[in-house]
Amino acid sequence: MRFPKLFERFAALVSLPAEEWEKAEALAREQPLAKRELFLKPGDPADRFAVVLQGVFRAVRVSARGGESIKAFRAEGELIGAYVEMLQRLPSMTSIEALEPSRVLVFQTRDFQTLERGHVCWERLARRVAEHHFIIKERREQEFLDLSAEERLVKFWDEHPHLKGRVPQRDVAAYLGITDVALSRIMSRRRKREG
């Protein structure tokens, strides 16, 4: 077994036999990515996903007007990929960019589908991961409806302390739906109140 910690992480979600994990490892390939290198870009086939072994990624959508929206940040142990496009068999509309030198474990969708047909644990794992991502998206939507920008910032750092110093301030602002200037003002006010 090449990645016992990943096995333990996924086995905590579902009953995952070690021999099934070893089959998955045999189908996957490790890929290094340099800082700013793209795992996926718009127009690429959404035919693969990966588990982050090392590093941090941002998932970005660019509007027709050229504005960037940060959909998510993903770090060690988390999945990256254009999941919605994969389900719809569409090309990726998302850029997934490494924010630091990174390594991922890449799976082809067709290989994962073969694993799903071979053992029920993979369908269960896919469902648990989809449920987890649904909960994250639902919470984020609710935060935009209920919380101020400052409250969203506090909650973001409370939930993602592992991203401090690894994600540029402009990306945090974009994720929160505010400008970098607004983020700077919020941080300045917080420093004055705390200091």
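**Helices, cores and salt bridges in a predicted model**

In helix α5 of this predicted model, the buried residues are Cys121, Trp122, Leu125, Val129, Arg140 and Glu143.

Student: How many residues does α5 have, and what is its reach from first C-alpha to last?
Tutor: Helix α5 covers residues 120-146. That makes 27 residues. At 1.5 Å a residue, the expected span is 39 Å, and the reach is close to it, at 39 Å.

Student: Which strand gives the most to the largest nonpolar core?
Tutor: The largest nonpolar core has 37 residues. Trp21, Phe39, Phe57, Val104 and Trp122 have the most contacts inside it. Five residues of this core come from the strand that gives the most, residues 48-54, which is β3.

Student: Which residues does Phe39 touch, not counting those up to four places away in sequence?
Tutor: Phe39 is among the core residues with the most contacts. Its partners beyond four places are Gln31, Leu33, Arg48, Phe49, Ala50, Phe57, Ile80, Ile96, Val104 and Val106.

Student: How many residues are in the other core that lies apart from it?
Tutor: Ala149, Leu163, Tyr175 and Ile178 are among the members of that other core. Its size is 18 residues.

Student: Is Gln108 buried or exposed?
Tutor: Gln108 sits in strand β8, residues 102-108. Leaving aside neighbours within four places, it is in contact with Asp47 and Arg48. Its relative accessible area is 16%, and buried means under 20%. Therefore Gln108 counts as buried.

Student: Which class of accessibility does Val84 fall in?
Tutor: Val84 is in helix α3, residues 83-88. With Tyr83 and Leu87, Val84 makes a nonpolar surface patch of about 300 Å². Its relative accessibility is 46%, so Val84 counts as partly exposed.

Student: How many places apart in sequence are the parts tied together by Arg190 and Glu150?
Tutor: Arg190 and Glu150 form a salt bridge, with closest N and O atoms 3.1 Å apart. Arg190 lies in helix α8 and Glu150 in helix α6, so the pair ties together parts whose separation is 40 residues.

Student: How far apart are the closest N and O atoms of Glu150 and Arg193?
Tutor: Glu150 is buried at 18% relative accessibility. Arg193 is exposed, at 54%. They form a salt bridge, with the closest N and O atoms apart by 2.1 Å.

Student: Which residues are linked in a network of salt bridges?
Tutor: The whole structure has 17 salt bridges. One of them joins Asp44 and Lys41, at 3.0 Å from N to O. The network links Arg36, Arg58, Glu68, Glu97 and Asp171.

Terms used
Residues are numbered from 1 along each chain as its sequence is written. This is a predicted model: local features need pLDDT of at least 70, side-chain atom pairs count only at pLDDT 80 or more; totals for chains, interfaces and linings use all residues. Side-chain values use heavy atoms; hydrogens and water are left out. Helices (H or I, at least four residues) and strands (E, at least two) are DSSP runs, numbered from the N terminus. The expected span of a helix is 1.5 Å times one less than its number of residues. Buried means under 20% relative accessible area, exposed over 50%, partly exposed in between (1.4 Å probe, protein chains only). A nonpolar core is a set of buried Ala, Val, Leu, Ile, Met, Phe, Trp, Tyr and Cys residues joined through side-chain atoms within 4.5 Å. Contact means heavy atoms within 4.5 Å. Patches are made of residues with over 30% relative accessible area and no salt bridge: like charges are joined within 9 Å, nonpolar side chains (Val, Leu, Ile, Met, Phe, Trp, Tyr) within 5 Å. Accessible areas come from the Shrake-Rupley method with a 1.4 Å probe; for residues, only the protein chains shown count as cover. A salt bridge is a side-chain nitrogen of Lys or Arg within 4 Å of a carboxyl oxygen of Asp or Glu.
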